[in-house]
Amino acid sequence: MSDGDDIEGLAAEYVLGTLDAAERQAVGARRRTEPELDSAIRAWEARLSPLSEHFPQAAPPSDLYPKILARLDSRPRVLGFRAGSMSSRRILVGGISALAASLLVFVGWLLAPRNDGIANLNAQLHRVVDAGDTADETLAAFFVSLNSASKVLTIKPGSVRPVPERTYLLSLAAQAGGSPIRVGVISPYKEMILPWPSGVPLQEAGNMWLLVSIEPASPGSATSPPGRVIFKGQLASGRRP
Amino acid sequence: MSVANTKLEAALERVAKGDTAAFRCVYDATHMKLYGIVSRILDRRELADEVLQEVYVTIWQRAGEFDREIASPITWMATIARNRALDEARRRPMRSIEELPELLELPGDDNPYATAEHNERAQQVHACLDKLGPDRKQIFLLAYFHGLTRDEIAVRIGRPTATVKTWLRRALAQLKDCLGDERR
């Protein structure tokens, strides 16, 4: 039986921690799109959770909390709902909000220009080596999807590592040349959704490079050029990442 | 539900709404436990410091996702900490046999968040681990508490990696049968 078939074994070793680096990254990425694998991992986490009580306690440095607070300011937050934990009032508020959001989406669909038949596109962003080409790495740093109908980019972290006091900035650049166009700050921790730049025709999406540069934690102005590009990829039709 | 868990749940709910005072309460209540997890797996202090910061940023970002039906708040946060530590541990080069830890006994359990249900589950886990036999139990505990990979376990016990993988898969299957299905 290969690891592809043995979901239980793979999930168990992921939780136990015995997978090597490539395997662990692959499983971490797969669980986002494979409910069976994600469910198996959660089940193993529940089975083994009592063991976590046996880790001895240890005191971190006293200056750690201010450093944590400093990081919070630049991070967007995830708002999630879990049915089991919500009061009836929150359920009602959530329901009304969902209905309102649905109406807005419907109105937006009616009013928005059509995508002229442009397919949804996907990209995997890999590390740039010195020659300007991407490295031959198995796992992409970021996975990007373009929804042509809603004109939004969805950016999911892959193998990318967070860098202390730095952020990642997504830009577009025409393959034919020209200045990069800023899209927005993206996260190495969580999925982000950013609008496709209004000044760039969707028809050009397949002719654009997606560039990720590393920037100071306090990003510069919208007109300042991006910093050093470290990840790169190209949107193309095909299987979603 | 213990009083400590109830307070932590309430604090997490406020954190989800952006309450930094509640976040401080969560930090004060949990940092010793979470740093204990991270520092045990990573065994390099500066790395553990960095990872712990990332853990609390994740807790801040994802507090709204906490579901009391699935896990206690401390278990939820411990899972985040352990996963993040393992992610970071996989970036380091494989350790030599002199650097690999030895684990003779399961560390003690001092849990202010323990409930009667929790203690029963803990006893069940211990009993099932004992059924693995002493050698397989040691391998399992080295992996869980020190983040050893299959290759490092193989070096520690002097066996091929493929053998270690087979042993691990069998031990985990045996553990699952003993503990029962946790799927929801």
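This is a guided tour of a predicted model, taken one selection at a time.

**Chain A as a whole**

Begin by selecting chain A and colouring it by secondary structure, which should show five helices and eight strands. Followed along the sequence, these elements come in the pattern α-α-α-α-α-β-β-β-β-β-β-β-β. Chain A has 241 residues, and buried residues make up 42% of them. If you consider the contacts within chain A between residues at least 6 apart in sequence, 59% of these join residues at least 24 apart.

**A stop in strand S1 of chain A**

Next, select strand S1 of chain A, residues 121-127, and find A:Asn122 within this strand. Is A:Asn122 buried or exposed? With a relative accessible area of 8%, A:Asn122 is buried. Show side chains here and look for A:Ser145, whose side chain makes a polar contact with the side chain of A:Asn122 at 3.1 Å.

**Helix H2 of chain A**

Now move to helix H2 of chain A, residues 21-30, and highlight A:Arg24, A:Val27 and A:Gly28, which are the buried residues of this helix. Turn the view until you look down the axis of H2(A): the buried residues fall within an arc of 100 degrees, and therefore they line one face of the helix. As background, an α-helix has 3.6 residues a turn, so residues three or four places apart point the same way. What do the buried residues of H2(A) pack against? Their partners are helix H1 (7-16) and helix H3 (35-48) of chain A, together with H4 of chain B.

Before leaving this helix, select A:Asp20, which caps the N-terminal end of H2(A) by placing a side-chain oxygen 3.2 Å from the backbone nitrogen of A:Ala22.

**A buried pair in chain A**

Select A:Arg31 and A:Asp38 together, and you will find their side chains meeting in a salt bridge, with 2.8 Å from N to O. A:Arg31 counts as buried at 17% relative accessibility, and A:Asp38 is likewise buried, with a relative accessible area of 17%.

**Where the two chains meet**

Bring chain B into view and select the residues that touch across the boundary, where the contact takes 78 residues from chain B and 65 residues from chain A. Between them the two chains bury about 6600 Å², and 57% of this area is on carbon and sulfur atoms. Across this interface there are seven salt bridges, one of which you can inspect by selecting A:Glu8 and B:Lys176, whose side chains meet at 3.5 Å, N to O. The interface also has 23 residue pairs in polar contact, counted with both residues at pLDDT 80 or more.

Which helices of chain B supply at least two residues each of the side that touches chain A? They are H1 (3-15), H2 (20-42), H3 (45-62), H4 (73-89), H5 (116-131), H6 (134-146), H7 (150-157) and H8 (161-179). The largest share of that side of chain B, 13 residues, comes from H2(B). Coloured by residue class, the side of chain B that touches chain A shows 30 nonpolar, 19 polar and 29 charged residues.

For a view that includes residues of both chains, select A:Asp6, A:Glu13, A:Glu23, B:Arg150 and B:Arg169, which are linked in a network of salt bridges.

**Inside chain B**

Turn to the loop between H3 and H4 of chain B and select B:Gly64, which has its place there. B:Gly64 is buried, with a relative accessible area of 15%. Add B:Glu13 to the selection: although B:Gly64 and B:Glu13 are 51 residues apart along the chain, their C-alpha atoms are separated by 6.9 Å.

Then select B:Glu65 and B:Arg62, which form a salt bridge with their closest N and O atoms 3.3 Å apart. B:Glu65 is partly exposed at a relative accessible area of 22%, and B:Arg62 is also partly exposed, with a value of 31%.

A further pair to select is B:Glu88 and B:Arg91, whose side chains meet in a salt bridge of 3.2 Å, N to O. Here B:Glu88 counts as buried at 8% relative accessibility, whereas B:Arg91 is partly exposed, with a relative accessible area of 28%.

**Back to the whole structure**

To finish, show both chains again and mark the salt bridges, of which a search of the whole structure finds 20 over all chains.

Note on methods:
Residues numbered from 1 in each chain as written. Chains lettered and ligands numbered in written order. Predicted model: local features only at pLDDT ≥ 70, side-chain atom pairs only at ≥ 80, totals over all residues. Heavy atoms only, no water. Contact = heavy atoms within 4.5 Å. Buried area = accessible area lost by both parts, 1.4 Å probe. Salt bridge = Lys/Arg side-chain N within 4 Å of Asp/Glu carboxyl O. Polar contact = N/O pair within 3.5 Å; in protein donor to acceptor, adjacent residues only side chain to side chain. Helix = DSSP H or I, 4+ residues; strand = E, 2+ residues; numbered from the N terminus. Nonpolar A, V, L, I, M, F, W, Y, C, P; charged D, E, K, R; others polar. Buried < 20%, exposed > 50% of the residue type's maximum accessible area, 1.4 Å probe, protein only. Arc of directions from axis to C-beta.
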